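This report is an introduction to one chain, written for a reader who has not met it before. Please look over the sequence and the model first.

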Amino acid sequence: MLFRSFKGLPTVMAAKGPFPGSNKSLKRNGDAVNGWLTLDKPVGVSSAKALAEARRIFNARHAGHGGTLDPLASGILPVAFGEATKTISFAMAGTKTYRVIVRFGVATATDDGEGEIVARSDARPDTAAVKAALAHFIGRIEQMPPAYSALKVGGQRAYRLARQGADVSLATRTVEIKGLILVDRPEPDCAELEVVCGKGVYIRSLARDLAQYLGTVGHVAALRRTRVGPFQENQAISLAKLKELGHSPAAFERLLPIETVLDDIPALAVTEGEAERLRHGQALAALDTGTNGSRWHPKESNLQDGTILLTMTNGKPVALVRLERGSVRPVRVLNL
């Protein structure tokens with residue numbers, strides 16, 4: 001078993017050669033489509049609806065997405081098909097970048113432009129004050145999620161309770177803002193910001209809290225997500241364009257490999273025999289002999305117990321495994 005960097009391993013596109021199925025013979029339960037799609041979700045469409053449309057176009061048996069966008073937000077919605085759904089957690093953990101327009105002077109129940117107005121203020125911060133305030137929100141901060149969110153309270157979604165008029169109280173949680181800059185002041189009431197953040201950040205909460213810190217009230221007037229981990233705008237396809245392509249080879253050419261979201265994970269090159277053992281749920285000793293007779297040992301790689309690795313054979317991902325006491329045990333087997 002040879003240990004080496006994942007970046008040095010060849011990748012396999014999720015759709016090589018003839019695309020699965022055809023318009024004449026689509027399987028009723030869907031095709032075995034595997035890979036990632038960088039979808040540009042439009043405003044006015046829910047993430048669930050965009051996912052369902054993409055799944056229909058590809059006739060995929062299984063699909064999921066790497067992080068919800070509100071209907072009023074646009075931008076990057078990573079869509080996982082087939083075996084790629086087993087790596088969704090890695091996409092959701094990736095760094096995200098947003099462009100947001102905060103409107104000062106009006107607070108809404110939902111902290112965005114969709115909710116009813118609940119407060120007004122005549123105070124308008126100047127540009128210098130906005131720039132100075134941003135530093136207060138960079139780093140690890142405590143943030144209270146919006147009442148209208150998908151978080152559960154007593155087993156029910158918070159937004160459902162809020163719509164019923166219930167007093168929704170959510171606990172604050174620690175999140176990380178990695179970067180926050182003022183991009184523009186299109187008008188005195190608004191500030192356009194770029195936000196780089198980690199998992200679990202609510203941009204609506206950030207807009208609300210920034211306005212309060214500046215002595216006024218505010219909400220998100222417009223929001224666009226421009227990046228999720230390795231998924232970026234320059235590789236994205238709009239939902240309208242995807243519909244235009246339909247179930248065609250051109251659409252399948254837009255798929256990215258399953259391992260797209262695993263680029264930062266150490267990889268192990270294994271033999272076909274070792275790969276077969278992993279597929280059957282069996283552990284591998286870290287000192288097994290590799291194809292070139294070399295041996296790998298966890299002490300030599302400075303990897304700790306609990307480390308997640310990606311096993312590969314002949315350039316093809318086999319399984320996500322966990323290092324445990326000198327052995328590697330399968331966590332997610334990729335049935336490709």
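Which residues does Gly 75 touch, not counting residues up to four places away in sequence? They are Leu 39, Asp 40, Lys 41, Leu 69, Arg 224 and Arg 225, where contact means heavy atoms within 4.5 Å.

The model is predicted, and local features need pLDDT of at least 70, side-chain atom pairs count only at pLDDT 80 or more, and totals for chains, interfaces and linings use all residues. Residues are numbered from 1 along each chain as its sequence is written, and side-chain values use heavy atoms, with hydrogens and water left out.

**The chain as a whole**

The chain has 9 helices and 20 strands; these are DSSP runs numbered from the N terminus, helices being H or I with at least four residues and strands E with at least two. Of its 336 residues, 48% are buried. Buried means under 20% relative accessible area, exposed means over 50%, and partly exposed is in between, with a 1.4 Å probe and protein chains only. About 16,200 Å² of the chain is exposed, and 48% of that is supplied by carbon and sulfur atoms. Accessible areas come from the Shrake-Rupley method with a 1.4 Å probe, and for residues only the protein chains shown count as cover. Among contacts between residues at least 6 apart in sequence, 70% join residues at least 24 apart.

**Two glycines**

Gly 75 lies in strand 4 (residues 73–81) and is buried, at 0% relative accessible area. From Gly 75 to Tyr 98 the C-alpha to C-alpha distance is 8.7 Å, with their positions 23 residues apart in sequence. Gly 82 is in the loop between strand 4 and helix 2 (88–92), and Gly 82 is buried too, with a relative accessible area of 9%. Leaving aside residues up to four places away in sequence, Gly 82 touches Val 33, Asn 34 and His 62. Gly 82 and Asn 335 are 253 residues apart in sequence, yet their C-alpha atoms are 9.2 Å apart in space.

**Positive phi**

Most residues other than glycine have a negative phi. The table gives two residues other than glycine with a positive value.

| Residue | Phi | Loop | Relative accessibility |
|---|---|---|---|
| Asn 59 | near 50° | between helix 1 and strand 3 (63–65) | 12%, buried |
| Asp 111 | near 65° | between strand 6 (106–108) and strand 7 (117–120) | 8%, buried |

**Aromatic pairs**

Rings of Phe, Tyr and Trp (its six-membered ring) pair if their centres lie within 6.5 Å; planes under 30 degrees apart count as stacked, over 60 as edge-to-face and the rest as tilted. By this rule there are 4 aromatic pairs. Phe 58 and Phe 252 form an edge-to-face pair because their ring centres are 4.9 Å apart and their planes stand at 75°. Phe 58 is in helix 1 (residues 47–58) and Phe 252 in helix 7 (residues 249–252), so the pair ties together parts 194 residues apart in sequence. Phe 58 is buried at 0% relative accessibility, and Phe 252 is buried at 2%. The rings of Phe 137 and Tyr 213 are also edge-to-face, with centres 5.7 Å apart and planes at 80°. Phe 137 sits in the loop between helix 3 (127–134) and strand 8 (139–143), and Tyr 213 in helix 5 (residues 203–213), 76 residues apart. Phe 137 is buried at 6% relative accessibility, whereas Tyr 213 is partly exposed at 46%. Ring pairs also link Phe 58, Phe 81 and Phe 252 into a cluster.

**Helix 5**

How many of the 11 residues of helix 5 are buried? The count is 9, and the helix is mostly covered. Among the buried residues are Ile 203, Leu 206 and Leu 210. The cover includes strand 5 (96–104), helix 3, strand 8, strand 11 (173–184), strand 12 (190–197) and strand 13 (218–228). Gly 215 follows helix 5 and has a positive phi, near 80°.

**A pocket**

The second largest pocket holds about 230 Å³ of space. Of the 13 residues lining this pocket, Phe 90, Gly 94, Val 261, Asp 263 and Asp 264 are the closest to its centre. On a 1 Å grid over the protein atoms alone, a pocket is an open set of points where a 1.4 Å probe fits, with protein on both sides within 12 Å along at least five of seven lines; lining residues have an atom within 4 Å of a point. Grid points are joined across faces, edges and corners, and the volume is the space filled by probe spheres set on the points. The lining has 7 nonpolar, 4 polar and 2 charged residues. Here Ala, Val, Leu, Ile, Met, Phe, Trp, Tyr, Cys and Pro count as nonpolar, Asp, Glu, Lys and Arg as charged, and the others, Gly among them, as polar.
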